[in-house]
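Visitor: I have a structure to look at and would like to go through it with you. Could you show it to me, and then take my questions?

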Amino acid sequence: MTKPLYIHGSGCVSIQPTFEPGYLFETIQSYAQNPVPALDPDYKTFIPAMQLRRMNKSMRMAIFASKQALQQANITAVDAVITGSGLGCLRDSERFVENLRADEGQSLNPTPFIQSTHNMAAAALALTLDCKGYNMTYVNNANSFESALLDTMIYLMEHPSATVLLGGVDELGERTTQFWNIAGYLKKDAVIPTALGEDTTAGEVAAEGTAFFVASHQPGAHPLGKILAVETRVETDNPEAFIRDFLQRNGLDTTEVDAVILGENGDGRYDNIYRTVGSSLFANIPQIGFKHVLGEYDTVVSTALFVAFEILRQQRIPQSLLLNGLTSRTLQRIVIYTQRRGTNHSVILVER
Amino acid sequence: MSELTQELKAKIITQLNLEDLTVEDLEDTTPLFGDGLGLDSIDALELIVMLDKSYGIKLSDPKEGRKVFETVQTMADFIEANRK
Amino acid sequence: MIHPIPIAVTGMGALSAIGCGVAENFQSLVLSQHGIAPIRRLDTHHQGRLLAGEILIENDELYDRLGIPPSEAYTRSTLLALLAAREALDTAGIDPRYSGLRTGLISATTVGGMDATERYYDDYLVSDKHWSFIPTHPCGYAAEQLARQLGISHFVTTISTACSSAANAIMLGARMIRAGQLDRVVVGGTDCLSQFTINGFNSLMIYSDGHCLPFDDRRNGLNLGEAAAYLVLESAELARQRSKTPLAYLTGYGNANDAFHQTASSDNGEGAYLAMKQALEVAGLRTADIDYINAHGTATPNNDLAEGSALLRIFGSSGTLPAFSSTKAFTGHTLAAAGAIEAVYSVLALQHQVVFPNLNFSEPIAGLGIAPQTSLRTKKINHVLSNSFGFGGNCSTLLFSIAHD
């Protein structure tokens with residue numbers, strides 16, 4: 001991938017008030033629960049009531065964040081919509097399963113079935129924006145958003161003058177959360193901000209949210225930043241080598257990175273992966289976290305990208321996100337590295 | 001309005017998530033589909049489920065629904081004629 | 001103009017109601033032996049009443065055939081996928097673990113692990129017997145298990161766009177090779193039958209109470225089916241280097257959105273029209289070059305009208321419309337696998353120079369005046385279009401071309 005992706009607008013809905021203009025984690029909302037639902041903006045700002053009535057949370061969040069991104073980019077139409085979601089429209093899936101277990105053979109309400117289709121957020125965006133172009137949804141665990149990003153890069157190479165709406169979204173489900181608890185995924189006595197460091201307990205703080213971006217090959221007047229490359233690996237014994245090789249393939253070494261965003265989430269079983277990466281590759285630069293205030297879900301890396309662009313734009317790192325107390329004279333180039341439960345490693349390179 | 005049309009309006013509003021609408025707002029003869037309330041084919045299916053669950057009337061062909069669901073009044077008339 | 005890298009199909013694998021393996025599927029198509037019958041394997045209230053294209057192999061037997069220990073949690077869709085993907089790699093003569101090349105897996109599914117989730121939904125809360133299945137619910141989990149089994153580690157992803165999913169997976173595979181991201185890729189999709197999907201389509205009142213009648217005026221809905229199918233794609237040059245004759249070439253592809261309604265297609269099939277148009281453009285072909293269209297043809301009142309209208313718009317008139325057929329009356333609508341199983345059938349059409357029949361047809365759709373091919377027909381076939389259209393207006397078309405010896 002030689003040509004960078006310029007980002008012209010972004011929008012983010014999460015468990016923090018990220019949808020408020022100018023918010024950059026100055027104040028962090030605390031929670032003492034697990035899971036943590038995303039804060040709801042006033043969806044009616046962007047979505048008429050007759051459409052909103054049927055929309056599940058994924059669709060609402062995605063449309064809201066997309067409209068914010070489009071507004072910031074000063075456009076009303078795009079050529080393609082490319083999205084990622086680890087679990088799709090979970091609540092409607094659960095609702096339909098519950099209905100059919102209670103009532104199979106009787107008349108079943110079709111709405112939850114329709115809404116449960118994994119690509120419904122992308123479909124809702126196509127309808128809202130009257131976009132008849134390329135429309136894709138990746139449902140690939142904690143690499144769903146990265147697949148959407150990779151596709152966006154390929155799409156723009158094929159269509160150099162196009163504009164793409166790119167995003168990730170995931171929502172919580174009540175029964176599914178109970179299953180996660182049984183499977184040992186969830187942290188007990190969880191709080192946000194999550195304690196990070198050597199002695200954290202096992203488990204994640206489950207959350208939900210979305211981030212959407214307007215991307216093209218044109219620099220435009222006020223781009224938020226550029227995405228240069230992305231790579232994923234389902235499994236790797238050597239995340240440091242994975243990251244180092246990735247940088248090398250992009251003509252860089254670790255000394256040329258100004259800050260790193262790490263997906264440390266307080267899960268005592270896997271956070272050592274981040275600490276090792278941090279200390280062996282990025283010991284002398286600011287290390288930034290995001291999951292300790294935004295929680296964990298498959299596409300939360302899209303919000304890391306949102307954070308990266310805000311940092312590049314404002315040229316400062318919020319104290320609440322800084323993990324190692326270091327500063328940098330320049331903030332030009334940021335690497336984002338994340339994994340979840342020891343798999344789905346990904347690395348993204350962004351620049352001012 | 002009759003008890004049945006009253007009841008129907010309340011059910012329609014709940015079933016179809018028409019949160020901003022009240023029973024008083026919805027007239028007996030307002031077209032429910034197209035220009036009027038602006039319901040769509042998914043709403044029609046939901047109304048078919050409602051007819052079955054609340055009034056025991058099964059419509060086997062979704063096209064039948066088009067005439068039955070024209071207005072609250074046509075729905076009420078159909079239910080009166082066919083309910084078990 | 002830069003000439004894009006020719007994409008060769010060098011292997012394929014398929015499992016459906018009409019056969020285990022590509023050869024069995026072909027036999028059934030040629031003999032007009034469909035696999036649609038009253039549901040008997042899946043535990044559902046609709047057993048014996050609704051018709052579906054079931055693969056009459058129990059999960060236990062799938063485990064045996066694959067040599068997977070019964071203690072490991074594999075959902076049905078993944079088991080089917082593994083059989084099909086292994087066949088694809090075998091026919092391509094490839095072992096990804098030893099090739100030294102950048103091999104990817106792009107899979108597709110809508111059901112994911114839902115067949116287990118719906119079965120154990122309440123059980124998980126009261127007994128630990130099936131807890132090993134909890135992680136299998138997400139769509140992406142199947143691809144990861146598949147990749148591990150097949151020895152693919154370089155790149156793995158999953159597409160889920162309803163009924164166009166596998167076509168999109170195949171398309172992405174070709175695009176990634178052309179973009180220089182991968183050398184070789186296993187692409188396709190899988191969906192098993194589930195209570196979720198059967199009841200879902202039934203609640204939409206588009207599940208026929210009899211055999212589906214694609215493109216027939218009397219059609220009243222689909223029959224579901226289960227299937228898994230995968231292709232191996234690589235550059236023509238790579239195939240040439242190892243003296244592997246391609247089965248066919250993937251020369252065109254397109255994806256567009258109807259942007260009309262969440263589930264219904266626009267009357268004039270705008271999304272379908274745009275997708276087909278794109279596929280032709282990518283291939284650098286004209287409508288007159290197409291010899292056969294494997295239609296989406298689900299036999300729902302809405303799809304066949306919209307698709308039929310789009311076909312007429314693009315090909316001009318019923319007089320200039322090439323031979324077309326829907327094979328869904330053989331296999332049922334296999335949802336996320338449809339694009340892949342029908343890609344296999346498109347390649348078979350090219351290899352054997354035959355158009356497969358559209359079963360159960362007698363009356364053309366009023367107002368369209370188009371009739372599909374109803375019997376097996378031998379003809380010169382150089383280029384085949386394959387359509388797959390899904391909920392959310394997601395319309396995809398693939399274009400396969402003949403590999404000359």
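**A walk through the chains**

Guide: Happily! Buried residues make up 65% of the 405 residues in chain C. Keep in mind that this is a predicted model.

Visitor: What radius of gyration does chain C have, and how does that sit with a compact globule?
Guide: For 405 residues, a compact globule would have a radius of gyration near 22 Å, and the value for chain C agrees with that. The C-alpha trace of chain C spans about 60 × 50 × 40 Å along its principal axes. The radius of gyration of chain C is 20 Å.

Visitor: How many helices and strands are there in chain C?
Guide: Both kinds of element occur in chain C. Among contacts in chain C with a separation of 6 or more, residues 24 or more positions apart account for 78%. The count for chain C is 13 helices and 16 strands.

Visitor: At what angle do helix α2 and helix α3 of chain C pack?
Guide: Helix α2(C) covers residues 59-66 and helix α3(C) covers residues 76-92, with their axes 10 Å apart. Their crossing is left-handed. The contact is made by C:N59, C:L62, C:Y63, C:R65 and C:L66 of α2(C) with C:R76, C:L79, C:L82 and C:L83 of α3(C). The angle between the two helices is about 35°.

Visitor: How do the residues of that contact of α2(C) with α3(C) divide by class?
Guide: The residues on the α3(C) side include C:L79, C:L82 and C:L83, and those on the α2(C) side include C:L62 and C:L66. Leucine counts as nonpolar. The full division is six nonpolar, one polar and two charged.

Visitor: Is C:A329 buried or exposed?
Guide: C:A329 lies in helix α12 (residues 328-331) of chain C. Leaving out residues up to four places away in sequence, C:A329 touches C:H34, C:I36, C:H211, C:C212, C:P214, C:N358, C:L359 and C:N360. A residue needs 20 or more other C-beta atoms within 10 Å to count as buried. C:A329 has 28 of them, so C:A329 is buried.

Visitor: How far apart in space are C:A329 and C:P357?
Guide: In sequence, 28 residues separate C:A329 and C:P357. From C-alpha to C-alpha, their distance in space is 9.4 Å.

Visitor: Which element of chain C gives the most to the side that touches chain A?
Guide: The contact takes 50 residues from chain C and 46 residues from chain A. On the chain C side, elements that each supply at least two residues include α4 (114-120), α6 (139-150), β10 (248-257) and α10 (270-283). By class, this side has 23 nonpolar, 23 polar and four charged residues. With six residues, the element that gives the most is α6(C).

Visitor: Does the length of helix α11 in chain A agree or disagree with its residue count, and what is its span?
Guide: Helix α11(A) has 14 residues, 301-314, and at 1.5 Å a residue the expected span agrees with the distance between its end C-alpha atoms. Just after this helix, A:Q315 takes a positive phi of about 55°. The end C-alpha atoms of α11(A) are 20 Å apart.

Visitor: How many residues of α11(A) are buried?
Guide: The helix is mostly covered. Among its buried residues are A:V301, A:L305, A:F309 and A:L312. Of the 14 residues in α11(A), the number buried is twelve.

Visitor: What pattern does chain B follow along the sequence?
Guide: Chain B has four helices and zero strands. Its 84 residues give a radius of gyration of 12 Å, which agrees with a compact globule. Of those residues, 30% count as buried. Read along the sequence, the pattern is α-α-α-α.

Visitor: Which residues does B:F69 touch, beyond those up to four places away in sequence?
Guide: B:F69 sits in the loop between α3 (62-68) and α4 (72-82) of chain B. With 22 C-beta neighbours inside 10 Å, B:F69 counts as buried. The residues touched by B:F69 are B:L32, B:F33, B:A44, B:L47 and B:M75.

Visitor: Which helix of chain B gives the most to the side that touches chain C?
Guide: Five residues of chain B are in contact with six residues of chain C. By class, the chain B side has three nonpolar, one polar and one charged residues. Giving three residues, the helix with the most is α2 (residues 41-55) of chain B.

Conventions
Residues numbered from 1 in each chain as written. Chains lettered and ligands numbered in written order. Predicted model: local features only at pLDDT ≥ 70, side-chain atom pairs only at ≥ 80, totals over all residues. Contact = placed C-beta atoms within 7 Å. Expected span 1.5 Å × (residues − 1). Rg over C-alpha atoms; globule rule 2.2 N^0.38 Å. Axes fitted to C-alpha atoms, helices over the stretch in contact; angles between N-to-C directions. Left-handed = near helix turned anticlockwise from the far one by under 90°.
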